[in-house]
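Here's a quick tour of a few local features worth pulling up in your viewer. Have a look at the model first, then read on.

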Amino acid sequence: MSQWSQVQQLEIKFLEQVDQFYDDNFPMEIRHLLAQWIESQDWEAASNNEAMAMILLQNLLIQVDEQLDRVSQEKNLLLIHNLKRIRKLLQGKYHGNPMHIAVIISNCLREERRILAAASMPVQGPLEKSLQNSVVSERQRNVEHKVSAIKNSAQMTDQDVKYLEDLQEEFDFRYKTIQSLEQSDKNSALIKQEMLALQAMLNTLDYKRKEVLSKIGRVIHEIDMLTSNMLTEELLDWKRRQQIACIGGPLHGGLDQLQNCFTLLAESLFQVRRQLEKLDELLTRLTYDGDPIPVQRPQLLEKVNFLLYNLFRNSFVVERQPCMPTHPQRPMVLKTLIQFTVKLRLLIKLPELNYQIRVKATIDNNRRFVLCGTHVKAMNMDESANGSLSVEFRHLQPKEMKSSAGSKGNEGPHMVTEELHSISFETQVCLYGLTINLETSSLPVVMISNVSQLPNAWASIIWYNLSTNDPQNLSFFNNPPAATLSQLLEVLSWQFSSYVGRGLNSEQLNMLAEKLMGQQVSYNDYQLSWAKFCKEHLPGKSFTFWVWLEAILDLIKKHILPLWIDGYIMGFVSKEKERILLKDKIPGTFLLRFSESNLGGITFTWVDQLENGDVTFHSVEPYNKGRLSALPFADILRDYKVIMADNVPENPLKYLYPDIPKDKAFGKHYSCQPNEVSKPSDGGGKGYVPSVFIPVSKILNDSTDPHSPSDLLPMSPSVYAVLREHLSPTVIETAVCCKLFHS
């Protein structure tokens, strides 16, 4: 089943998450129509290779053309129209930057995998539960309800002002008519009766003026209360959800709803402002003793302007945090002289502001770094699928100033990756006589000068955004707080679900907890220090916990991703636990786990039975990325052989724990069948039978001597290099014979 087919079977709450990241940058219609073709392409590789990206873009357009031909024959007018529009959009948008579409599609596919992984996990962690609090959902509904009520009240007040204007015009006409009469006529009984009627009208005018001012005051008060409390909380919650999403958590939604609320409130305030201007106009035409307008209007106008200032300032947000396109799963880690993207939005969407707001980007004020590239751009409504007023910077590069470069060599790796910086943005809004200066900043970013610093830099980003909702605490790592272990484990699971498509279950998380805190730890309320997570070496090891975990993520991503996504790699299980799991199983049952002593290594252990009935276990020396580059791991499991004494080599791996036949579990991942590599080559091969290298181990039952280094490899490095040079990869699969530890 294709990934897209799995997505379509999700519950509605997960489908809503999918809907959030498909827009005109990559329309969902194309994802649906070209599902299998899209999933069969390597978009991630193309995101770093312009030539490959251009080829994929051209092939994508060809696929769209083929779909156009098909729907044209079916005379589906709506789909024809949409596909023509989409084709024109894709060609115009990405012809000059094909890598951008590759990044977007790669991100979409990755987010789909993360959502599928989240949907398959039976239990939510504490952080995710807090983000989906029913109280928060209730507040969202209340905010939307109150905003709608405020908008209606402002519109009703418009009608009252219009009635007041009409009443005053009638009064003005009748009063001027009497004033135009001769003095002798003014003393008539009819005129005196008219004067009494005018007095009654003036009393009504006074009452209506007070009523309108009172209604305006109530609207202003409602907006003040809403923006000071619930709307502010909603915005802070959205920013917190954005923080969590940046470190692999659930996708954050709700910005469109906030935009709707901010826009309606701004429209209501401008409507009230016009009503106050109309009252001022009425005042110039008629005033009297006790007139409420000159007393109340200035105060109300001042309050409206104050609310508009605050509303605009809060509406200027970073919609998408700084991120290098080459490392989409590692936002807020920026490498010097490498481009990054960042997107801002003004939540007040008014047509009058389109292309009228120019945003300037800067970095820090410590003069250590500067931003190169286009750092001033205008906000517009044309680049976003939902027509939001936004701006995306795509060509910014941080550059380190020469004056500080000399000190960089004195900094240790932790000093570099614990130093936080901020990307700041400023602009000015001029509208209806108001001039409002706006400022906002990204979440703290970490600058690196070498990609080798990225793992520790990402650890800093994780720790910061897990531990605090303060958006600008640049001195955070002067005294980093401890983190709740249960929340940290949840975030670690997110690293796997977002980066390699499958999160961790409770058993795997328990193993990580034990590795961090020791055996049988109750980690619900346990506090873990930053040093324990990222700076102190694991007991008896030369590396930290985070370096060990990051190496496993890298191994999965590059070499064993399909096996991990299928859930066939138990991975995080101790040697003691694996023996407990295997001891009662059929001989030949095996499981796959990550090495605890080797960085980025995976091994397998199987259970066997001796002639006397005793159970024994065998663990192969871990495979690392260097050896897995030579031979796919699934092929290793298929072809692995063991020589015991003088017996014929045989494959001891029969059942994947608990009882899944090996070929049933891994068959679809085999690169080729064994008999396909043993046929004589056709032509040019001079009749030779192609050779193939398979992993073989020899178990020495009676030997207790330590093995020499030469025993660890099936051939010397020089011989291995010669074989790689002269034998075609399509004919020969080169593997390294593993050292087997016998227990």
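## A small mixed sheet

In this predicted model, three strands make up an open sheet, ordered β2-β11-β8, with mixed pairing. The edges are β2 (333-335) and β8 (420-421), each of which pairs on one side only. Helix α17 (residues 454-467) packs on the sheet and touches β2, β8 and β11. The direction of α17 makes about 170° with that of β11.

Zooming in on one pairing, β8 runs antiparallel to strand β11 (residues 445-448), with two bridges between them. Leucine 420 has valine 446 in β11 as its bridge partner.

## A glutamine tucked away

Next up is glutamine 168, which sits in helix α10 (residues 134-179). Buried or exposed? With a relative accessibility of 1%, glutamine 168 counts as buried, because the cut-off for that is under 20%.

What does its side chain find there? A polar atom of the glutamine 168 side chain is 2.9 Å from the backbone oxygen of leucine 282. Leaving aside residues up to four places away in sequence, glutamine 168 touches Leu205, Arg209, Leu282, Arg285 and Leu286.

## A bent helix

Helix α21 (residues 545-565) is 21 residues long, yet its end C-alpha atoms are only 23 Å apart. A straight helix would reach 30 Å at 1.5 Å a residue. Where does α21 bend? The bend is at histidine 559, by about 95°, and proline 562 follows within four residues.

As for surroundings, α21 is mostly covered, with 15 of its 21 residues buried. After α21 comes glycine 567, with a positive phi near 85°.

Technical notes: Residues numbered from 1 in each chain as written. Predicted model: local features only at pLDDT ≥ 70, side-chain atom pairs only at ≥ 80, totals over all residues. Heavy atoms only, no water. Buried < 20%, exposed > 50% of the residue type's maximum accessible area, 1.4 Å probe, protein only. Polar contact = N/O pair within 3.5 Å; in protein donor to acceptor, adjacent residues only side chain to side chain. Contact = heavy atoms within 4.5 Å. Pairing = 2+ DSSP bridges. Axes fitted to C-alpha atoms, helices over the stretch in contact; angles between N-to-C directions. Expected span 1.5 Å × (residues − 1). Bend = angle between axes of the 7 residues up to and from the residue.
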